[in-house]
Amino acid sequence: MKVSAIKQVELMAAKRGDVVSLAQGIPAFDTPEPLKQAAIKAMLEGKTAAYSLTYGMPELRKLIQARLAAEGMDYDWETEIVVTCGATEAITASLRALVSRERPEVVVAVPSYASYTGYVKAAGGVAHFVGLTEDQGWALDLDAARAAIGPRTAAVLVANPNNPTGHCYSQAELDALVELCEKYDCKLITDEVYRDFMLEGGSAYTPAADDRNRKTVIRVYSFSKAFCMTGWRVAFLHSDRGVVDQVVGVHDAFVTCAPVVSQYAAMSALTEGEPYVAEFRAILRRQRDELCAWLDGHKRMFRYDKPAAAYFVFPRLVRDQDDWAFTERLLHEAGVAVVPGSAFGPNTAGHVRMCFGRSAEDIREACVRMDAWLKR
Ligand SMILES: Cc1ncc(COP(=O)(O)O)c(C=O)c1O
């Protein structure tokens with residue numbers, strides 16, 4: 001398997017030196033202090049040396065159950081919630097449990113997170129891409145979904161809110177996907193790692209909140225983005241007991257359990273983390289507006305939809321430039337790293353992804369450098 005385009009860009013950036021990166025999709029902020037202190041305390045008290053239960057620490061799962069209940073979702077901490085090594089492992093373990101010789105296919109809505117293709121391959125599956133329609137606000141092409149989902153489908157995978165487009169699926173779109181999955185007895189995996197970053201308020205609809213969908217939907221949530229914890233590798237999935245029974249065996253075989261020190265930090269995130277998330281959200285809104293204002297000043301180069309969520313903007317290159325060639329020139333000539341759109345699926349060339357989750361200084365400096373480059 002090849003390294004992802006994002007990593008390729010990072011490698012090129014490391015070789016050039018003096019690069020401002022809008023490429024990496026990780027928050028530029030540090031993990032909030034109380035979360036770090038909770039981890040340190042647990043370590044010093046000698047609580048982090050051993051494995052936890054494969055499902056995760058009971059105290060953490062009880063907190064997750066309470067959080068889900070507050071969001072209108074009724075899932076049992078003992079049998080229906082699994083703490084995982086990031087969303088990455090939650091999704092890969094789920095896919096590995098679902099993919100079989102009779103059902104090798106995973107339907108992936110694109111553009112979407114570049115690593116999904118790797119997850120599907122690692123699970124032994126075959127990705128079947130279904131396009132989102134750019135001129136309809138990246139809405140799902142339901143006819144294409146109907147044509148793609150069938151008796152050979154193991155799962156349908158969507159990120160909601162989506163990376164790289166920053167859009168959310170409507171309830172009607174997600175309900176239609178659930179209906180198709182029910183019809184063909186496959187699962188809908190909703191990856192909700194950006195659900196805390198709704199930049200216009202409100203919340204993204206999740207089909208896991210409808211109890212009738214519990215046997216069909218596997219919902220994945222990660223602490224990585226909301227709490228600036230990408231390095232801690234902790235997330236969770238939840239679904240009906242029968243589904244979780246299938247997935248937890250793979251999770252056990254892959255990793256035994258999520259890092260225990262990170263589970264302590266995750267408990268602190270759930271009890272003390274909310275004000276920090278609100279602060280990150282406000283910063284992201286400001287930085288999105290700043291980057292979008294810059295794009296507005298360069299309409300002859302870029303067309304884009306203002307993202308409602310997450311921390312990416314995905315402009316189209318108006319002059320139809322090759323996105324890899326554009327990315328390489330921008331990197332070498334201006335010292336700014338972005339990700340070529342073709343990293344995110346087969347219908348996404350001619351775009352680039354810019355991340356506004358980086359520091360305010362980086363975003364400003366990137367805009368200054370791009371201005372100077374475009375003038376040249
Ligand atoms: C849509 C999406 N899902 C999953 C991940 C990986 O999350 P985690 O760090 O929890 O493995 C990312 C990371 O960028 C992402 O953008």
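These notebook entries record what I looked up in a predicted model.

**Entry 1. The eight-stranded sheet**

I began with the strand order. Eight strands form an open sheet, and I traced the order as S2-S9-S8-S7-S6-S3-S4-S5, with mixed pairing. The edges are strand S2 (81–84) and S5, each of which pairs on one side only. I kept in mind that strands of a sheet pair through backbone hydrogen bonds, either parallel or antiparallel.

**Entry 2. From S3 to S5**

I then followed the chain through the S5 end of the order. Strand S3 (residues 105–110) and strand S4 (residues 126–133) are parallel and share six bridges. To fix the register I looked up two positions: Val106 has Ala127 of S4 as its bridge partner, and Val110 stands opposite Gly131 in S4. Helix H5 (residues 116–122) belongs with these two strands, and I recorded S3, H5 and S4 as a right-handed β-α-β unit.

In which sense do S4 and strand S5 run? S4 and S5 (residues 139–140) run antiparallel and are joined by two bridges. Thr133 stands opposite Ala139 in S5. The hairpin of S4 and S5 has five residues between the strands, and Gly137 there takes a positive phi near 65°.

I also checked Trp138, which lies in the loop between S4 and S5. Trp138 has a positive phi of about 60° although it is not a glycine. Its relative accessibility is 5%, so I entered Trp138 as buried.

**Entry 3. Helices across the sheet**

I next asked which elements helix H3 lies across. Helix H3 (residues 58–70) lies across S2, strand S8 (217–222) and strand S9 (235–238), and its angle to S2 is about 115°. Helix H9 (residues 241–255) lies across S2, strand S7 (187–191), S8 and S9. For H9 I noted an angle of about 25° to S2.

**Entry 4. The nonpolar core**

In soluble globular proteins, nonpolar side chains tend to be buried together. I looked up the largest nonpolar core of this model and found 125 residues in it. The residues with the most contacts inside this core are Ile91, Leu95, Ile189, Phe223, Phe227 and Met354. I listed the contacts of Ile91, not counting residues up to four places away in sequence: Tyr116, Tyr119, Leu157, Ile189, Asp191 and Val220.

**Entry 5. Cysteines**

How many disulfides does the structure hold? I found zero. The sulfur of Cys168 is 15 Å from the closest cysteine sulfur, that of Cys292, which is too far for a bond. Cys168 has 25% relative accessibility, so I entered Cys168 as partly exposed. Cys186 is also in no disulfide, and its nearest cysteine sulfur, in Cys181, is 3.8 Å away. The cut-off for a disulfide is a pair of cysteine sulfur atoms within 2.5 Å. Cys186 counts as buried because its relative accessibility is 3%.

I looked at Cys228 for its backbone. Cys228 lies in the loop between helix H8 (223–226) and S9, and has a positive phi of about 50° although it is not a glycine. I recorded Cys228 as buried because its relative accessibility is 7%.

**Entry 6. Cis peptide bonds**

I found a cis peptide bond between Asn160 and Pro161, with omega about -5°. Pro161 lies in the loop between strand S6 (153–159) and helix H7 (171–183). A cis peptide bond also joins Asn163 and Pro164, where omega is about 20°. Pro164 has its place in the loop between S6 and H7.

**Entry 7. The three-stranded sheet and Ser359**

I turned to an open sheet of three strands, with the order S11-S15-S14 and antiparallel pairing. Its edge strands are strand S11 (312–313) and strand S14 (339–340), each pairing on one side only. S14 is joined to S15 by two bridges, and Pro340 stands opposite Val352 in S15.

Beyond S15 I looked up Ser359, in the loop between strand S15 (352–355) and helix H13 (360–375). Is Ser359 buried or exposed? Ser359 is buried, because its relative accessible area is 19% and the cut-off for buried is under 20%. Leaving aside neighbours within four places in sequence, I noted that Ser359 is in contact with Ala28 and Gln287.

Technical notes: Residues are numbered from 1 along each chain as its sequence is written. This is a predicted model: local features need pLDDT of at least 70, side-chain atom pairs count only at pLDDT 80 or more; totals for chains, interfaces and linings use all residues. Side-chain values use heavy atoms; hydrogens and water are left out. Two strands pair if DSSP finds at least two bridges between them. Helices (H or I, at least four residues) and strands (E, at least two) are DSSP runs, numbered from the N terminus. A crossover is right-handed if, with the strands pointing away from the viewer, the path from the first strand over the helix to the second runs clockwise. Buried means under 20% relative accessible area, exposed over 50%, partly exposed in between (1.4 Å probe, protein chains only). Contact means heavy atoms within 4.5 Å. Axes are lines fitted to C-alpha atoms, for helices over the stretch in contact, and angles run from 0 to 180 degrees between N-to-C directions. A nonpolar core is a set of buried Ala, Val, Leu, Ile, Met, Phe, Trp, Tyr and Cys residues joined through side-chain atoms within 4.5 Å.
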